[in-house]
Amino acid sequence: MAQLQFRDVTLGYDRHPAVHHLSGEVSEGALLAVIGPNGAGKSTLFRGIVGLLKPLAGSISAAGLKPREIAYLPQIADIDRTFPISVFDFVSTGLWRSVGIFGGIGAAAREKIAQAIAAVGLTGFEGRGIGTLSGGQMQRLLFARVLLQDARVIVLDEPFNAMDSKTSSDLLQLIEHWHGERRTVMAALHDMDMVRAHFPQTLLLAREAVAWGPTAEVLTSDNLAQARRMCEAFDDAAAPCAPAQSSKAA
Ligand SMILES: Nc1ncnc2c1ncn2[C@@H]1O[C@H](COP(=O)(O)OP(=O)(O)OP(=O)(O)O)[C@@H](O)[C@H]1O
């Protein structure tokens with residue numbers, strides 16, 4: 001069954017397409033790597049999936065799930081780490097979906113938060129401000145929040161950025177655990193060895209899909225070279241979609 005469906009979707013900023021004419025679907029329970037050169041549109045696609053960006057044209061549907069029911073791990077660079085919030089409180093925002101922003105956190109919820117913090121190896125850091133964490137600790141923190149969200153679809157934007165090998169292998173185990181639970185997991189990645197070893201499906205993006213399918217078939221040198229060429233040739237200031245496409249705007 002399709003968990004996510006893209007129908008000729010175009011996403012962009014200030015009416016300039018950044019990802020365009022993407023069609024396809026992600027099956028329920030898939031473990032999908034999204035790869036492509038810098039600026040290929042991976043983060044843009046993820047922002048579209050979680051509802052932070054509204055399509056300029058076409059549509060994305062998530063089998064009836066609301067965007068807030070999809071767990072999202074943004075790139076660390078997108079997080080304001082000067083915001084004065086503790087590790088515990090930050091992780092607890094993963095429960096907003098079930099308790100609401102103004103819902104109280106009871107003993108059971110506190111226990112769940114403590115378990116999520118323990119699962120990523122951050123026990124003892126509960127009272128620390130997020131601004132004091134190292135990059136790898138911050139990445140673990142983001143995983144704890146996703147863990148707590150208990151979502152059917154999990155979207156991870158460069159989850160292994162600036163991470164030592166112990167931290168990446170711990171967090172990779174978490175991803176494999178989610179996959180074992182038949183959750184749908186998508187991750188934007190740059191490490192091709194990791195993609196080959198752990199991700200059965202891959203979408204190679206270069207503003208549009210260059211290839212999408214079993215990882216070994218997607219990761220060919222021809223496809224990767226084509227993706228590089230397409231990204232270099234893409235005009236960031238391109239006009240909005242042609243009228244035929246923009247008339248389908250959601
Ligand atoms: N907030 C924004 N406003 C305007 N343009 C943006 C914004 N975010 C991204 N872009 C542009 O959209 C295009 C796609 O960027 P995106 O961040 O989606 O790529 P990416 O594949 O995630 O790249 P990377 O691997 O470098 O993280 C780029 O040309 C980028 O400059």
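Okay, quick one to get going: where is Asn-161 found? It sits in the loop between β6, residues 153-157, and α6, residues 165-180. Before I go on, remember that this is a predicted model.

So, is Asn-161 buried or exposed, or something in between? It has 18 C-beta neighbours inside 10 Å, and because being buried takes 20 or more, it counts as partly exposed. Leaving aside residues up to four places away in sequence, Asn-161 touches Gln-75, Ile-76 and Gln-139. There's also Asp-191, which is 30 residues from Asn-161 along the chain, with 9.7 Å between the two C-alpha atoms.

Gln-139 takes us over to α5, because that residue turns up again in the contact between α5 and α6. The axes of those two helices come within 11 Å, crossing at roughly 10°. That angle is under 35 degrees, so α5 and α6 are roughly parallel. From α5 you've got Gly-136, Gln-139, Arg-140, Phe-143 and Leu-147 making the contact, and from α6 it's Thr-167, Leu-171 and Leu-174. Sorted by class, that contact has 4 nonpolar, 3 polar and 1 charged residues.

Now over to the other neighbour I want to show, α4. Helix α4, residues 107-119, packs with α5, residues 135-149, at an angle of about 135°, and the axes are 8 Å apart. That makes the pair oblique, and the crossing is right-handed. On the α4 side the contact uses Lys-112, Ile-113, Ala-116, Ile-117 and Ala-119, while α5 puts in Ala-144, Leu-147 and Leu-148. What classes do those residues fall into? It's 7 nonpolar, no polar and 1 charged. Notice Leu-147, by the way: it's in this contact, and it's in the one with α6 as well.

Last stop, the ligand. Around it we find Tyr-13, Ala-18, Gly-36, Asn-38, Gly-39, Ala-40, Gly-41, Lys-42, Ser-43, Thr-44 and Asp-236. By class that shell splits into 3 nonpolar, 6 polar and 2 charged. Which element gives the largest share? That's helix α1, residues 42-49, with 3 residues.

And α1 itself is mostly covered, with 8 of its 8 residues buried. Among them are Lys-42, Ser-43 and Thr-44, which we just met in the ligand shell; Phe-46 and Arg-47 are on the buried list too. After the helix comes Gly-51, with a positive phi near 85°.

That's my tour, thanks.

Notes
Residues numbered from 1 in each chain as written. Predicted model: local features only at pLDDT ≥ 70, side-chain atom pairs only at ≥ 80, totals over all residues. Near = placed C-beta within 6 Å. Helix = DSSP H or I, 4+ residues; strand = E, 2+ residues; numbered from the N terminus. Nonpolar A, V, L, I, M, F, W, Y, C, P; charged D, E, K, R; others polar. Axes fitted to C-alpha atoms, helices over the stretch in contact; angles between N-to-C directions. Parallel < 35°, antiparallel > 145°, perpendicular 65-115°, else oblique. Left-handed = near helix turned anticlockwise from the far one by under 90°. Contact = placed C-beta atoms within 7 Å. Buried ≥ 20, exposed ≤ 12 C-beta atoms within 10 Å, placed from the backbone.
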